[in-house]
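Visitor: I have some questions about how the labels on this model are earned. Could you take me through them?

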Amino acid sequence: MQALITGTAESPYVRHPGPEVTTTTVLVDAARRALADAGLAPANIDGLGVASFSLAPDHAIDLAVRLGLRVRWLMDSANGGASAIEMLQHAVRAVEAGDARHVLLVAGDRLDPGAFVRLVDEYNSVTRDSLAPLPTGGPNAVFAMLTQRHMARHQLGREEYGKVAVMQRSWAGANPGAVYRDPLSLEEYLRAPMVADPLSIFDCVPVVTGADAIVVSAEASGSAVRIRALKALHNYDNQDGDGLATGLRKIAPELWRESGLGPADMEVVSVYDDYPAMALVQLEDLGFADDGDIRRLIAERLVTRDLPVNTSGGQLSAGQAGAAGGMHGLVEVVTQLRSAAGARQIDGARVGLVSGYGMVAYRYGACANVVVLEKVT
Amino acid sequence: MRGITISGCEKCDWRGFPHRYWCPACGSFETRDVVVDTGVVEQATEVRRAAGRAGDSPVTIGSVRTDGGAQIIARLEGAAAGDSVVLHTEEGAFVARAIQRAT
């Protein structure tokens, strides 16, 4: 028996939520929408996974209690941009082992400005003790330096990263759920206010409030997607490298071998776009630029939409709702494979890929995972 | 205070930051604090905007490869990419100041 993704949903992302909105209410909203999408009732749910930066002091069990769910499988994920695929990894195995029949996975946050500052300054002990005191003011400085290394390695200028931001914004124009939808020009990108050289405001994800949810099931009553292969590799290089390769580089050959597919077969892709450079790093790690020519990847495949990447607009245009960021791309690819993407639908898309990345351990992210998905019905 | 404390293996020449309990290179359980005070700036960025810090002056942050190989992140004061620097710890923060300009 193969586990299936049978429902997805997104609680609408907003920049300025009203006072009645809390982290719990956005998670509950996404959960309700996902159940409706899967054609299920709360009594059908026997597994729950939650990823949130701000649900504390509550955990998944508390949300299970608030939702009246009796669950045989339960998990909390604290792994940020890798949390969705991490939870998917465990939920799929649980369903296939018979531990649960319908697992609900939710991810999201309401981060007011103060909560956001506390989150980035106290992200982990090394950030609290050795980065926040400098002050770095969050991860942008760290990824600004990574982007400089990427520019030097691949002989790229700011224009190339601008083309990624512009490309994603053009997809967002057809996504009613994206917070930023107006077309972005390369000129506007290049003259935008700088955050940390060479990153401008359009290189950094806008913080929003919202949540995403998926349902993993033992059987489907409607349209469903199956997992062809799923791999993870965390702390790949012990933070001793330059951050320009992730664990994906090591596990990509296993992913393709196990899935029986290759990069050329992928019809729709979501990579974790905390920054344009990291989106490009993941695409390269996974084998989408096998000649190593990133400029050509951008010009000939991404800008042309020959390879549809981050078709929701990605986090850079749709927004990053805290821990929902990792699940946003998964919801988007599943939506595309279920032919439910409306104006931005990739016609006939049957096979897609989603990668997760995150948890800046000091100089770059330590978590990386990836899943290849296929439409079933 | 001149110098920063990084992590080193008792058994092999691995050096890094932050502190490791077990050596990532050889698996030894014996690691120790190592003080280093010089390095080279590999990247530098001026942080002009940061959440919760509107109105504060820009800060220059650098990625420094310390002598011995450990890569750290420091606040740069009078130093730029390519410079050899002296490293200090001031109120818990790693600070790097240029010894000489890169030619």
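Guide: Start with chain B of this predicted model. Of its 103 residues, 44% are buried.

Visitor: What makes a residue count as buried?

Guide: Its relative accessible area must be under 20%. Cys9(B) has 1%, so Cys9(B) is buried.

Visitor: Why is Cys12(B) called partly exposed?

Guide: The relative accessible area of Cys12(B) is 24%. Buried requires under 20% and exposed requires over 50%, so 24% falls in between.

Visitor: How many disulfides are there over all chains?

Guide: The count is zero.

Visitor: How do you know that Cys9(B) is in no disulfide?

Guide: The nearest cysteine sulfur belongs to Cys26(B), 3.6 Å away. A disulfide needs two cysteine sulfur atoms within 2.5 Å, so this pair does not qualify.

Visitor: Why is there no bond from Cys12(B) to the closest cysteine sulfur?

Guide: That sulfur is in Cys23(B), at 3.6 Å. The cut-off is 2.5 Å, so the distance is too far for a bond.

Visitor: What is the secondary structure of chain B?

Guide: Chain B has eight strands and zero helices. From the N terminus the order is β-β-β-β-β-β-β-β. Its C-alpha atoms fill a box of roughly 45 × 35 × 25 Å along the principal axes. The accessible surface is about 5,300 Å², and carbon and sulfur atoms account for 48% of that surface.

Visitor: What share of the contacts in chain B join residues at least 24 apart?

Guide: The share is 37%, taken among contacts between residues at least 6 apart in sequence.

Visitor: Where is Gly82(B), and why is Gly82(B) called partly exposed?

Guide: Gly82(B) sits in the loop between strand S6 (71-77) and strand S7 (84-90) of chain B. Its relative accessible area is 34%, neither under 20% nor over 50%, so partly exposed is the label. Gly82(B) lies 24 Å from Arg49(B), C-alpha to C-alpha, with their positions 33 residues apart in sequence.

Visitor: Now chain A. What makes Ala229(A) buried?

Guide: Its relative accessibility is 1%. The limit is under 20%, so Ala229(A) counts as buried. Ala229(A) belongs to strand S8 (residues 225-232) of chain A.

Visitor: Which residues does Ala229(A) touch, leaving out those up to four places away in sequence?

Guide: Leu255(A), Glu258(A), Ser259(A), Val370(A), Val371(A) and Val372(A). Val372(A) is 143 residues away in sequence, yet its C-alpha is 5.3 Å from that of Ala229(A).

Visitor: Which residues of helix H4 in chain A are buried?

Guide: Within H4, residues 113-121, the buried ones are Ala115(A), Val117(A), Leu119(A), Val120(A) and Asp121(A). These buried residues pack against H5 of chain A.

Visitor: Which element gives the most to the lining of the second largest pocket?

Guide: H5(A), with four residues. Helix H5 (125-131) of chain A and strand S1 (4-9) of chain B each supply at least two lining residues.

Visitor: How much space lies in the second largest pocket, and what lines the pocket?

Guide: The space is about 450 Å³. The lining has 20 residues, and the closest to the centre are Val126(A), Ala361(A), Pro18(B), His19(B) and Arg20(B).

Visitor: How does that lining divide by residue class?

Guide: Eight are nonpolar, nine polar and three charged.

Methods
Residues numbered from 1 in each chain as written. Chains lettered and ligands numbered in written order. Predicted model: local features only at pLDDT ≥ 70, side-chain atom pairs only at ≥ 80, totals over all residues. Heavy atoms only, no water. Buried < 20%, exposed > 50% of the residue type's maximum accessible area, 1.4 Å probe, protein only. 1 Å grid on protein atoms, 1.4 Å probe; cavity = no way out; pocket = protein on both sides within 12 Å on 5 of 7 lines; lining within 4 Å. Points joined across faces, edges and corners; volume = space filled by probe spheres on them. Nonpolar A, V, L, I, M, F, W, Y, C, P; charged D, E, K, R; others polar. Contact = heavy atoms within 4.5 Å. Areas by Shrake-Rupley, 256 points an atom, 1.4 Å probe, with all protein chains shown as cover.
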